[in-house]
Amino acid sequence: MKNLLTDIAGVRVGHADDARLASGVTAVLFDKPAVAAIDVRGGGPGTREGALLDLANSVERIDAVAMAGGSAFGLEAGGGVQAWLAEQGRGFAVRGAIIPIVPGAIIFDLLNGGDKGWGRFAPYRDLGYTAAAAAARNTDKNFALGSVGAGLGATTANFKGGLGSASAATPSGVQVAALAVVNAVGTVTVGDGPWFWAAPFELDGEYGDRGLPPSFDPDMLKMRSKGAAAATPVENTTLVVVVTDAVLTRPQAKRLAMIAQTGFARAIYPVHAPLDGDIVFAAATGEKPIDPLFGLTELGMVAANVVARAIARGVYEATALPFPDALPAWKDRFGQGVKPAVR
């Protein structure tokens with residue numbers, strides 16, 4: 001296992017970004033349509049095809065997920081992913097028509113120093129097409145983390161945000177993995193120190209093995225808010241895609257997304273705020289049957305831990321943007337070396 005979303009068979013990930021723009025797109029493609037659901041907890045979400053994933057509606061499976069910067073402009077990324085899938089003949093069949101089903105969501109990165117003067121049309125549709133094509137070419141299943149794709153322009157309250165991923169398996173062998181784009185209003189670290197809130201769930205030093213601080217003082221628990229009092233409900237979001245190889249119905253996928261949201265609270269402080277647009281897409285490729293009660297509960301427990309780890313990795317792997325007043329990356333401040341953890 002590579003500790004990536006692509007540890008789930010039949011899942012591919014591709015990025016496209018623009019350094020001058022300081023923004024980009026990440027596409028998650030499924031080799032076969034996957035059962036999917038969505039859970040929204042933040043107060044300022046930006047989604048494409050979100051209503052389609054409501055349990056009362058008819059379409060059960062999706063072909064891809066598009067995640068992008070650019071705020072509402074970035075919702076066009078889904079059209080680019082959809083265009084690439086249409087060229088491959090992929091999609092939902094309606095008599096003679098084929099319609100690729102591509103839900104998506106966006107983060108706000110319009111004030112990160114990049115050149116957003118793109119003229120009449122934003123570049124996200126083209127970036128979405130390029131990201132989908134990159135995912136299809138990605139046969140070795142590796143993909144970059146940190147300041148890439150939809151995570152290129154992401155930030156948090158105190159450090160550069162980014163794109164992270166992690167995976168695990170339940171004791172019964174069902175696999176689950178997550179990909180996170182971390183652009184939170186709060187912090188992923190305890191105060192301004194090297195410790196990640198998600199430290200108890202870290203595996204194999206994947207985000208520095210710093211553990212938790214030996215003690216907590218009141219300053220560590222003060223709220224650090226990106227934009228402070230001037231922040232608005234559209235400026236911050238953490239986006240997550242959780243995929244499992246379990247056999248799930250759509251209501252079960254919805255429950256998985258709901259339980260997986262617990263991982264946000266294990267990794268970000270504060271979270272699910274009026275100033276965030278936090279979203280989880282949950283998808284199932286349908287390879288392994290599970291018990292609908294205990295099995296789904298166990299899967300959700302592991303998924304929440306995986307989400308927390310993916311969020312921490314997104315900040316740990318990030319690199320700072322090359323602009324004046326840009327936030328530092330975690331590694332700029334604390335380096336990459338592993339130090340003994342305080343457990």
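**Two helices and a buried asparagine**

In this predicted model, helix 1 spans residues 77-87, and its buried residues are Ala77, Gly78, Gly79, Gly80, Val81, Trp84 and Leu85. The cover over these buried residues comes from several places, including strand 2 (23-40), strand 3 (47-48), strand 4 (61-68) and helix 2. Just past the end of helix 1 sits Gly89, with a positive phi of about 75°.

Helix 3 (residues 250-260) has its own buried set, made up of Arg250, Gln252, Ala253, Leu256, Ala257 and Ala260. These residues take up an arc of only 155° around the axis, so they end up on the same side of helix 3. Strand 2 turns up again here: the elements covering the buried residues of helix 3 include strand 2, strand 10 (237-246), helix 4 (262-267), strand 11 (279-288) and helix 5 (294-316).

Away from these helices, Asn112 is worth a look. Asn112 belongs to the loop that runs between strand 7 (104-106) and helix 2 (124-137). Its relative accessibility is 12%, and because the cut-off for buried is under 20%, Asn112 counts as buried. The side chain of Asn112 makes a polar contact of 2.7 Å with the side chain of Lys116. A polar atom of the Asn112 side chain also lies 3.2 Å from the backbone oxygen of Gly153. Gly153 shows up once more among the contacts of Asn112 beyond four places in sequence, alongside Leu21, Ala22, Leu321 and Phe323.

Conventions. Residues numbered from 1 in each chain as written. Predicted model: local features only at pLDDT ≥ 70, side-chain atom pairs only at ≥ 80, totals over all residues. Heavy atoms only, no water. Helix = DSSP H or I, 4+ residues; strand = E, 2+ residues; numbered from the N terminus. Buried < 20%, exposed > 50% of the residue type's maximum accessible area, 1.4 Å probe, protein only. Polar contact = N/O pair within 3.5 Å; in protein donor to acceptor, adjacent residues only side chain to side chain. Contact = heavy atoms within 4.5 Å. Arc of directions from axis to C-beta.
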